[in-house]
Amino acid sequence: MTRSRRWRMAVAGLACVAVSGGMVACGDDGGEAMDAVTHAERTAGSWKTWVLSSGSEIQVPAPPAADSAAAKADEKAVKDAADRRSSGTQEIVNKWSGPLPTKPWTEVMFRAIEKSAKNPPLSTRNQALIHVAMSDAVVSAYHWKYQFNVKAPDGVDTLVPASPDPSYPSEHAAIAGAASRVIAYLYPGEAALRLDEMADEAAQARVDAGTNTPSDVEAGLALGRAVADKVIAYAKTDGAGTPWNGRRPAGIGTGAAFWNPPPGSTSPPTDPEAAKWKPWVLSSNSQFRPPPPPAYNSAAFKAEAQHLVDVKKNLTEEQKRVAKFWEGAAGSVQPGGITLGVAMADIEKAMAEGDAATRWTIPQAARALAMINVTLADGGISVWDAKYFYWYPRPINGIRDSGVDRTFEPFVPTPLFPAYPSGSAGYAGGAEGIMTHLFPARAEEFKHRAEEQAGSRIFAGIHWRFDEVSMGGGREIAKLVIDKVKGDTVGGGQT
């Protein structure tokens, strides 16, 4: 079995990851992985935020005073919840208190993306907004935890270990409040009431587990929802949703040298306006725009066309598996979702393995997922800027129109947007940069993964080899994201 095949199988056991046609099986949501407590994360409240000005921006009210009637009611509520536990309580607690508490919300987002029209930059933009909301909510929760320093409930057997950090406000509830509200805004087809009920269930699960009081989770939910409102206000200003006017730029025609829909289709291009959206870390959307690709019908162009024809004729079963794994077709979580799912499996593993000193904390994971998704979001904008600057033809059109092979058919269907450069390669380079920063000992593995993801488009027959130039831009965007959060003291050291 090849190394790439091994890690793709490992992903299936740890996180929900899209392949062509749907999702692979999700791993265990809790239980044994949470048997030991992680270390405290005392400085997380001072980490960099993305939409909030700082972790202290949103005020959290003080908890009930010790020995007050409200505090005693809190204690009684936790004991009453323990007395009411049923055979299904542990399952619900595990769902919301697994090794990666953000995961259930990422999966809700994935299902919403699957039901959406294919639009890679919109999907990664939305991924970033949801994960930024969860990350900022966690940072804010940790700021207030160490302001109030409330201890977890005592005198009740817990179904999962209580956090070594103070309990008020609950970070699990803050994650739920933030994610549920942002998902409801971004995907109106996901019923807001159902999402609110899920958030309430996630919060109540902490009370039922004996790890938090009602005051802890109520404050966490309110904080998370307030963070979500800030993120939604940001989303309303980023330019997404602006309709295209239907006109190509000056100098971009409709002949064979430029992008046109695949043969037999009259579909318009997917979201040219995404090239103009507000980025998170780019100084301009053209900051990493690559140089022009080979001229249509040039010797270099024809050599690349012949290469793709030869690849298609000699595809191996492994190459076909690689092409389908990374495809990200309509009805899946799209290319950015696949990239996220693979990275998320590594983060979930880091939270589930090791001893208390080395196992990742919830703030670490939320921070890492925000970094990955911001990188993917700006990667999508950067690639779309270049795609709609050059309007370069896809292989199916270019190979046929140039006469290299009048009947050429790619292995997977051709997307409805220009070829140069590759969005998937941009995502691959960005994820490689962030993951190498987070797990430096695995740099070679992440490099191989990125190369496979980018190369999958060649096996698929939907990109030219020179389209992979966007890997470099993705890596550069990752550097900007890493620079943005430098100085955060994570696990006792700066990262």
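This is a short talk on one helix, the nonpolar cores, several salt bridges and two buried loop residues in a predicted model.

Let me begin with helix H5. It runs over residues 120-148, and at 1.5 Å a residue those 29 residues should span 42 Å, which agrees with the 42 Å that separates its end C-alpha atoms. The helix is mostly covered, with 25 of its 29 residues counted as buried. Directly after H5 comes Asn149, and the phi angle of Asn149 is positive, near 55°.

One residue of this helix that I would like to point out is Ser135. Is Ser135 buried or exposed? Its relative accessible area is 4%, and because the cut-off for buried is under 20%, Ser135 counts as buried. If we set aside the neighbours within four places in sequence, the residues in contact with Ser135 are Ala366, Arg367 and Ala370.

From the helix we can move to the nonpolar cores. The largest of them holds 100 residues, and the members that touch the most other members are Trp50, Trp105, Val182, Trp280 and Trp360. Which element gives the most to this core? That is H5, with 12 residues. A second core, of 14 residues, lies apart from the largest one, and Ala305, Tyr390, Tyr420 and Ile458 are among its members. As general background, nonpolar side chains tend to be buried together in soluble globular proteins.

To take one of those tryptophans in detail, Trp360 touches Thr38, Ile347, Ala350, Met351, Ala365, Ala368, Leu438 and Phe439, again without counting residues up to four places away in sequence.

Next, the charged pairs. The count of salt bridges in this model comes to 28, and I will go through three of them.

In the first pair, the side chains of Lys95 and Glu201 meet with an N to O distance of 3.7 Å. Lys95 belongs to helix H3, residues 89-96, and Glu201 to helix H7, residues 192-208, so this salt bridge ties together parts of the chain that are 106 residues apart in sequence. Lys95 is partly exposed, at a relative accessible area of 35%, and Glu201 is likewise counted as partly exposed, at 31%.

In the second pair, Asp229 and Arg181 form a salt bridge at 3.4 Å, N to O. Here the link is between distant parts of the chain, with Asp229 in helix H8, residues 214-235, and Arg181 in helix H6, residues 171-186, which puts the two residues 48 apart. Asp229 has a relative accessible area of 39% and is partly exposed, while Arg181, at 30%, also counts as partly exposed.

In the third pair, Arg475 meets Glu432, and the closest N and O atoms are 2.8 Å apart. Since Arg475 lies in helix H16 and Glu432 in helix H14, residues 423-438, the salt bridge ties together parts that are 43 residues apart in sequence. Arg475 is partly exposed, with a relative accessible area of 28%, whereas Glu432 is buried, at 12%. Beyond these pairs, there is also a network in which salt bridges that share partners join Asp346, Arg442, Glu445 and Arg449.

That brings me to a charged residue of another kind. Asp467 sits in the loop between helix H15, residues 443-460, and helix H16, residues 470-485. Asp467 is buried and yet has no salt bridge. Why does Arg394 not count as a salt-bridge partner of Asp467? Arg394 is the nearest side chain of opposite charge, but it is 5.8 Å away, and because a salt bridge requires the atoms to be within 4 Å, the pair is not counted. What the side chain of Asp467 does have is a polar atom 2.9 Å from the backbone nitrogen of Trp464. Leaving out residues up to four places away in sequence, Asp467 touches Ala419, Tyr420, Pro421, Ser422 and Ala425.

My last residue is Pro393, in the loop between helix H12, residues 362-390, and helix H13, residues 395-401. Pro393 counts as buried, at 0% relative accessibility. Its contacts, with residues up to four places away in sequence not counted, are Ala256, Ala257, Phe258, Trp259, Tyr296, Ala419 and Trp464. Two of these names have come up already: Ala419 is touched by Asp467, and the backbone nitrogen of Trp464 lies 2.9 Å from a polar side-chain atom of Asp467. Finally, Pro393 and Val342 are 51 residues apart along the chain, and their C-alpha atoms are separated by 30 Å.

Note on methods: Residues are numbered from 1 along each chain as its sequence is written. This is a predicted model: local features need pLDDT of at least 70, side-chain atom pairs count only at pLDDT 80 or more; totals for chains, interfaces and linings use all residues. Side-chain values use heavy atoms; hydrogens and water are left out. Helices (H or I, at least four residues) and strands (E, at least two) are DSSP runs, numbered from the N terminus. The expected span of a helix is 1.5 Å times one less than its number of residues. Buried means under 20% relative accessible area, exposed over 50%, partly exposed in between (1.4 Å probe, protein chains only). Contact means heavy atoms within 4.5 Å. Lys and Arg count as positive and Asp and Glu as negative; His and the chain ends are not counted. A polar contact is a pair of N or O atoms within 3.5 Å; within protein, one must be able to donate a hydrogen and the other to accept it, and residues adjacent in sequence count only if both atoms are side-chain atoms. A nonpolar core is a set of buried Ala, Val, Leu, Ile, Met, Phe, Trp, Tyr and Cys residues joined through side-chain atoms within 4.5 Å.
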